[in-house]
Structure formats: structure tokens, C-alpha cells
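Work through the exercises below with the sequence and the model in view. Each task is followed by a worked solution.

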Amino acid sequence: MTRRQQALRLVLLCALALSAAGWLFFGPAERVGSASPPLPEPAPTTGTGASRAPQPATGPSSEPLPPRSVPTADIASSLAALADAGDGQAACRLSAELMRCRFLAQVQSDPDESAARNIARLHADGKHDQARMIEARMSKMRSQLESCARLPAGLDKRALHYFRSAALTGNATLLFRYASGSGFESEGGYGYLTTPEFDQWRGEAEAAMQRALSQGSPEAALVLRAAHDGDIGLFAGLVADDDRQAYAYARLTERLFGDTLVNVPGLPTRPSISPADAEQAEALAAQWHQGYFDGQQFDVISVMAESMWQPWQDVSPADPCQPGGVAHG
């Protein structure tokens, strides 16, 4: 293991220790759900409780997308037209830009003044390299904000719509993020709780998360394990707790991550259930592991590290909008 990998693990372990139970989600959600259903067989189009299976988009069109070197603001209308026609790649590229602009608008509050003070302090302390890093970051932010200002009026209000469209093409990375409620945190405050987009998400989230699991997203197994055993976060607050399901997903995560699970502080323990239920849960976990993951194992820290980045973050280590950009193959 390289020093960089060791440093990444240390940083992640510190972050996980601070946010163990809610490591990916943002903000509270009203608990919904009905009585516990029978132990399910997750499937791309099957949910439990009141969850509706989201209908997939049609995927890429035959028309090639503009080169990625072209500023999104210059081709936003073309991308929107392609996305509205069902092109998932166009929807992904457009939503990433729109979500980035929404995020920048939230964190923009007088960044130049505070950054200028930090830069001056760092220069005064002789920390010129750090000062130049902040200067470069602020220059990039200003450039991005200028690009955001050139987007067609009103298009920013469709950011979540295009994010959902991109997810439903079958990209497991984005499908997992949509199912988990990623994106609502950029709204600021809790106004999103009354939006049609949030109401739509509430009806689709559980089935979408199970679909992400069935498409080979190991992150989904971790989230489903926690969701059936607690209520911290948007998705977990939506899903009804159920000891049998929690047990099955616990056994699945143990199969998926093996000994690396010891690196996750605060992970729920397996609940106590009857021997008959435990036998059924064990069989399901084995079936899911083989059917959805071909019996593979993953390093939990690496999986969670990738899950911490959003598609609209410049520092994201991978580009889920590239064709074939599906998490973990």
C-alpha cells in the first residue's frame, strides 16, 4: 500500500468515525412506510411497501454528443433537447453542470472576501504554496460561476429532473445516488420536502435502491443494511425497519466486504431473528451475492471513498457520465 493510499484510509476512517450511521445522506426525512413485508427478492422493477419502480429512460440516442471540451453553457439547449428525447448521457452531462451551479450558488456567499483574508494570512505566514492553491481554486470558481450565468434562463430548475433521467438509464453509479436522495442537499434549507421532485423520489427510492443493488452496486448493500435497522438520513428515514431484512442485508455485506468491514465504525450488528428466518435470510444473501456480484469481494473503504464524491464535484475521481461509467463494473 502506498503512502497516498494509507493517508486516504486514515482520512476516511476519521470521517467515518464522525458520521458512521449517516455517511452519505443529508438532512432529516419524515418516516414513511407500512407494516413489514415478507423478506423480499430485490429486483430491478420490484419494490416493497409503497415504493414504485421507476421506469427506465431509453438510453443514448444515435446522435453523437458534442465534445466534452465544449463548455456546457454553449451546448446546454442541445443537451436538454437530447435529454428530453431520452438520451441518458446527455441528461448526465447536463445535470452535472446544473447541479454544480446550484451547489456553487449555495456556497458562494462572499467567498472572495473570506478567501482574500485567508490568502493574505497564508502569504504573511510564508505559506505561499497553500495561498496559491486557494487563489487557483477561487479563480476556477469564478470561471464556473460565469459559465453558470450563461445557462438558459430557468434551466437550473430542472437539475433534479435531468439527474433522475440520467440515473434511470441504468447507470448503477447514478441510480444509487438518486435512490439515496443525493442532490436534495444542494437545495438549501428544507424547502425541497414539499417539492414534486421529492415526492416522486419518495415513491421510487426503495425500488431504485434495490435495482442499483441488482446491477452490482455494493454501496447499495451497505445502505439497505443500515436503512432496515435505523432512520438516520433521507433513505433510511423512508424505509420501514425490519429485522429479517436487516439480517439478510447484513449477511450480504459480510459476504461482499469480508474482513474489511472491521474498518467501518458504528456498523449495525445483525439483529436477533428466529432460526427459520435466519436460514431464509442466509439463502437470500448467498443468492444476491452470486447473482448480482458474481461472488466478488470488495474493500469497504475503497467503495465508501468512491461513494463520497458527487458527479458534479470537480474532485470526483471518476466520470459517471462517460459511456459505461457504472460503479464497480
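**Exercise 1. Describe the long-range contacts and the surface of the chain.**

Step 1. Contact means heavy atoms within 4.5 Å. Of the contacts between residues at least 6 apart in sequence, 78% join residues at least 24 apart.

Step 2. The model is predicted, so local features need pLDDT of at least 70 and side-chain atom pairs count only at pLDDT 80 or more, while totals for chains, interfaces and linings use all residues. Residues are numbered from 1 along each chain as its sequence is written, and side-chain values use heavy atoms, with hydrogens and water left out.

Step 3. Buried means under 20% relative accessible area, exposed over 50%, and partly exposed in between (1.4 Å probe, protein chains only). Of the 329 residues in the chain, 47% are buried.

Step 4. The accessible surface, from the Shrake-Rupley method with a 1.4 Å probe and with only the protein chains shown counting as cover for residues, is about 15,800 Å². Carbon and sulfur atoms account for 53% of that surface.

**Exercise 2. List the elements and say where the prediction has low confidence.**

Step 1. Helices (H or I, at least four residues) and strands (E, at least two) are DSSP runs, numbered from the N terminus. The chain has 13 helices and 0 strands.

Step 2. pLDDT is the predictor's confidence in each residue, from 0 to 100. Its mean over the chain is 76, and 71% of the residues reach 70 or more.

Step 3. Among the elements, helix α1 (residues 3-18) has the lowest mean pLDDT, 42, and helix α12 (residues 275-293) has the highest, 96. Residues 1-40 have pLDDT below 50, and this stretch has 83 contacts in the model beyond near neighbours in sequence.

Step 4. Residues 42-50 also stay under 50, with 24 contacts beyond four places in sequence. Where pLDDT is low, the predicted coordinates should not be read in detail.

**Exercise 3. Determine how α7 and α8 are arranged, and place Leu 175 and Arg 164.**

Step 1. Two packed helices are described by the angle between their axes and the distance between the axes. Axes are lines fitted to C-alpha atoms, for helices over the stretch in contact, and angles run from 0 to 180 degrees between N-to-C directions.

Step 2. The axes of α7 (residues 172-180) and α8 (residues 196-214) come within 7 Å and cross at roughly 140°. The two helices are therefore oblique to each other; angles under 35 degrees count as roughly parallel, over 145 as roughly antiparallel, 65 to 115 as roughly perpendicular and the rest as oblique.

Step 3. From α7, the contact is made by Ala 172, Leu 175, Phe 176, Tyr 178, Ala 179 and Ser 180. The residues from α8 include Gln 200, Glu 204, Ala 208 and Ala 212.

Step 4. Leu 175 of α7 is buried, because its relative accessibility is 0%. Beyond four places in sequence, Leu 175 is in contact with Ala 167, Leu 168, Ala 208, Arg 211, Ala 212 and Gln 215.

Step 5. Arg 164 lies in helix α6 (residues 159-167) and counts as buried at 16% relative accessibility. Not counting residues up to four places away in sequence, Arg 164 touches Tyr 178, Gln 200 and Glu 204.

**Exercise 4. Why is α9 described as largely enclosed by the rest of the structure, and which residues of α11 does it meet?**

Step 1. In helix α9 (residues 218-227), 9 of the 10 residues are buried, so this helix is largely enclosed by the rest of the structure.

Step 2. The buried residues of α9 pack against α7, α8, α10 (234-238), α11 (243-257), α12 and α13 (300-307).

Step 3. The axes of α9 and α11 come within 8 Å and cross at roughly 145°. Pro 218, Ala 221, Leu 222, Leu 224 and Arg 225 of α9 meet Ala 246, Tyr 249, Ala 250, Leu 252, Thr 253, Glu 254, Leu 256 and Phe 257 of α11.

**Exercise 5. Describe two loop residues, Arg 270 and Asp 294.**

Step 1. Arg 270, in the loop between α11 and α12, is partly exposed with a relative accessible area of 39%. Its contacts beyond four places in sequence are Arg 225, Tyr 247, Ala 250, Arg 251 and Glu 254.

Step 2. The C-alpha atoms of Arg 270 and Ala 250 are 6.1 Å apart, with their positions 20 residues apart along the chain.

Step 3. Asp 294, in the loop between α12 and α13, is exposed, with a relative accessible area of 57%. Asp 294 has a positive phi of about 55° although it is not a glycine. Most residues other than glycine have a negative phi.
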